[in-house]
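Student: I have a protein chain in front of me and would like to talk it through. Could we go over it together, one question at a time?

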Amino acid sequence: MTAVHVPGTPAIEDGQLVSTSPATGVEAGRVPVTDPAEVAAAVERARAAGAWWAGLGFAGRRERLLRWRSLLARRIEQLAALVHDEGGKPVADAVVEIVTAVEHIDWAARNAGRVLGPRRVRSRLILAEFSGHLEYQPYGVVGVIGPWNYPVFTPVGSAAYALAAGNAVVFKPSEYTPVVGQWLVDSFAEAVPEHPVFTAVHGLGDVGAALCRSGVDKLAFTGSTATAKKVMAACAESLTPVLLEAGGKDAMIVDSDADLDAAAEACVWGALTNAGQTCIGIERVYAVEPVFDAFVDKVVERAGRLTVGADDADIGPITMPGQLDVIRRHIDDALTRGGRAVLGGADAVQPPYVHPTVLVDVPEDSAAVREETFGPTLTVNRVRDADEAVRRANALPYGLGGSVFGRERAVAIARRLRSGMASVNSALTFAGMSTLPFGGVGESGFGRIHGEDGLREFGRPKAITRRRARSLLPSMTFERTPGDVARLVKAVKLMYGRR
Ligand code: NDP
């Protein structure tokens, strides 16, 4: 007998995690559930494979990672269709997500040797008789825990960089997108058949918790702030280092000299792509008084044109059925407290869909402004000037990304945003630039993926000094004489004591 599944809600059947489309309820696939007690053994198997992988060196890993990249690029339509079938994401959004992931694999593979490989560092006058050497050595096994909203981009953002740095990876995908997660590790195994360097463990939150306590050498987590705190607490028990990419409530600031058409276009996409289920999605806009009305009109006109539905629509279903209640609560709270819906509104939530909703004049203490909504909704509030916009944008504990539209002051405003990233005259673009680090501040987490910082996140700096000459002024030895110490005092005053 076939069990009845609630569309989009993961179910466990005969030891298998069954994944279904939130739009249609059609099964996307099933994967074996890992017993939490078995997770540590999976990490030990990865450790053995990781030793082989580390031994390949940068060139050997680069060649294999580029093979994996090519495979993803060639199968982009197949993977995009699976992302759509499992999470409901429109195929076009899935394609954009995969393109970004492919670019990150390519950059990490090509640049790991340059960024992490052994190099000489310059010595200074003090200890000039020694040369300095630095390299970043792999941790061993990195655990990666990922969310469902970008089931390719988010795990790849950690895994590709960790792999390029020479680590093995054990990946726990979200229970809402395990089939895409398994596809990623299967495709890697096809490109790198020799040893199981990149593997997955599947299940619910308890499997993720087991991974934190499994003996991994570092844990890279992407998900909500609430879970990030649990992950950090679990990892603290064994002093396992963590990288936390958590939630956000990103703001866009529209200054008086902004190109309003471009701002509205970027705002609508930044807020509503992937039905607003984007950690760096624009959830709040602060537009200065002189341009507020014209900007809102342009946003409403563009957002009102978007189609909502299962196939080929601009806005797909909400992936996690439970999120519908959060979105409804935020809209209701905003309206009850005096906000106005200029698009969508009270009846926008029609499970499994939410129609685009633009709320204006929403009190700053309402849930729609303060909490992560994760739906195709947006608040737009008017502010006197850019200073007030920055103050309000920075008033939340979150600090992930942000966007600024304007000319003269835009970059200066972007610098003042309390966030790890910002886009000037665009939205979300920093995520696709593999040369830039990605990560947040405050409740949005810490540590960085992507770019050189993202590579260094997955390597332990190893510092080596090597004697190249006899010490003229011996100091780090009991063989030093009182005369040596006196000369040292004289030297330090000469070198550093002057104003
Ligand atoms: P969750 O925090 O609910 O889950 C994230 C992952 O953690 C899932 O794989 C989940 O497994 C797992 N997990 C759950 N409980 C535990 C636990 N106790 N110990 C270890 N792991 C656990 O987040 P969502 O999947 O709902 O993702 C949405 C959130 O992710 C949003 O807040 C969003 O902003 C954030 N995000 C942040 C990004 C960033 O780069 N900063 C990027 C993308 C999303 P299971 O699903 O099986 O419960």
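**Prolines, loops and a buried serine**

Tutor: Happy to! This is a predicted model, and a good place to begin is Pro352, which sits in the loop between strand S14 (349-350) and strand S15 (353-354).

Student: Is the peptide bond from Pro351 to Pro352 cis or trans?

Tutor: Look at omega for the bond that leads into Pro352. Its value from Pro351 to Pro352 is near 5°. That peptide bond is cis.

Student: Let's zoom out. How many helices and strands does the protein chain have?

Tutor: You can count them along the chain, helices and strands separately. The secondary structure of the protein chain comes to 16 helices and 21 strands.

Student: What radius of gyration does the protein chain have, next to that of a compact globule?

Tutor: The C-alpha trace spans about 85 × 65 × 40 Å along its principal axes. For 499 residues, a compact globule would have a radius of gyration near 23 Å. The value for the protein chain agrees with that: 25 Å.

Student: What share of the contacts between residues at least 6 apart in sequence join residues at least 24 apart?

Tutor: Here we set aside pairs that are less than 6 apart in sequence and look at the contacts that remain. Of these, the share joining residues at least 24 apart is 70%.

Student: And what percentage of the 499 residues count as buried?

Tutor: A residue counts as buried when its relative accessible area is under 20%. Across the 499 residues of the protein chain, that share is 55%.

Student: Now for single residues. Is Ser403 buried or exposed?

Tutor: Ser403 belongs to strand S18 (residues 403-405). Leaving out residues up to four places away in sequence, Ser403 touches several others, among them Ala251, Ile253 and Leu417. Its relative accessibility is 0%, so Ser403 counts as buried.

Student: Which backbone oxygen does the side chain of Ser403 reach?

Tutor: Ser423, Ser426 and Ala427 are also among the residues that Ser403 touches. The side chain of Ser403 comes to 2.8 Å from a backbone oxygen, and that oxygen belongs to Ser426.

Student: Asn274 and Asp361 have positive phi. Which of the two is buried?

Tutor: Neither is a glycine: phi is near 55° for Asn274 and about 50° for Asp361. Asn274 lies in the loop between helix H9 (260-272) and strand S12 (282-288), while Asp361 is found in the loop between strand S16 (357-360) and helix H12 (367-370). Asp361 has a relative accessible area of 27%, so it is partly exposed. At 3% relative accessibility, the buried one is Asn274.

Student: Glu194 caught my eye too. Which side chain does its own side chain make a polar contact with?

Tutor: Glu194 lies in the loop between helix H6 (178-191) and strand S8 (198-200), and it is partly exposed because its relative accessible area is 35%. Beyond residues up to four places away in sequence, Glu194 touches Trp52 and Arg64. The polar contact, at 3.1 Å, is with the side chain of Arg64.

Student: One last thing about charges. How far apart are the mean positions of the positive and negative charges?

Tutor: The protein chain carries 55 positive and 57 negative charges. Take the mean position of each set and compare the two points. Their separation is 14 Å.

Key. Residues numbered from 1 in each chain as written. Predicted model: local features only at pLDDT ≥ 70, side-chain atom pairs only at ≥ 80, totals over all residues. Heavy atoms only, no water. Helix = DSSP H or I, 4+ residues; strand = E, 2+ residues; numbered from the N terminus. Rg over C-alpha atoms; globule rule 2.2 N^0.38 Å. Buried < 20%, exposed > 50% of the residue type's maximum accessible area, 1.4 Å probe, protein only. Contact = heavy atoms within 4.5 Å. Lys, Arg positive; Asp, Glu negative; His and termini not counted. Charge placed at Lys NZ, Arg CZ, Asp CG, Glu CD. Polar contact = N/O pair within 3.5 Å; in protein donor to acceptor, adjacent residues only side chain to side chain.
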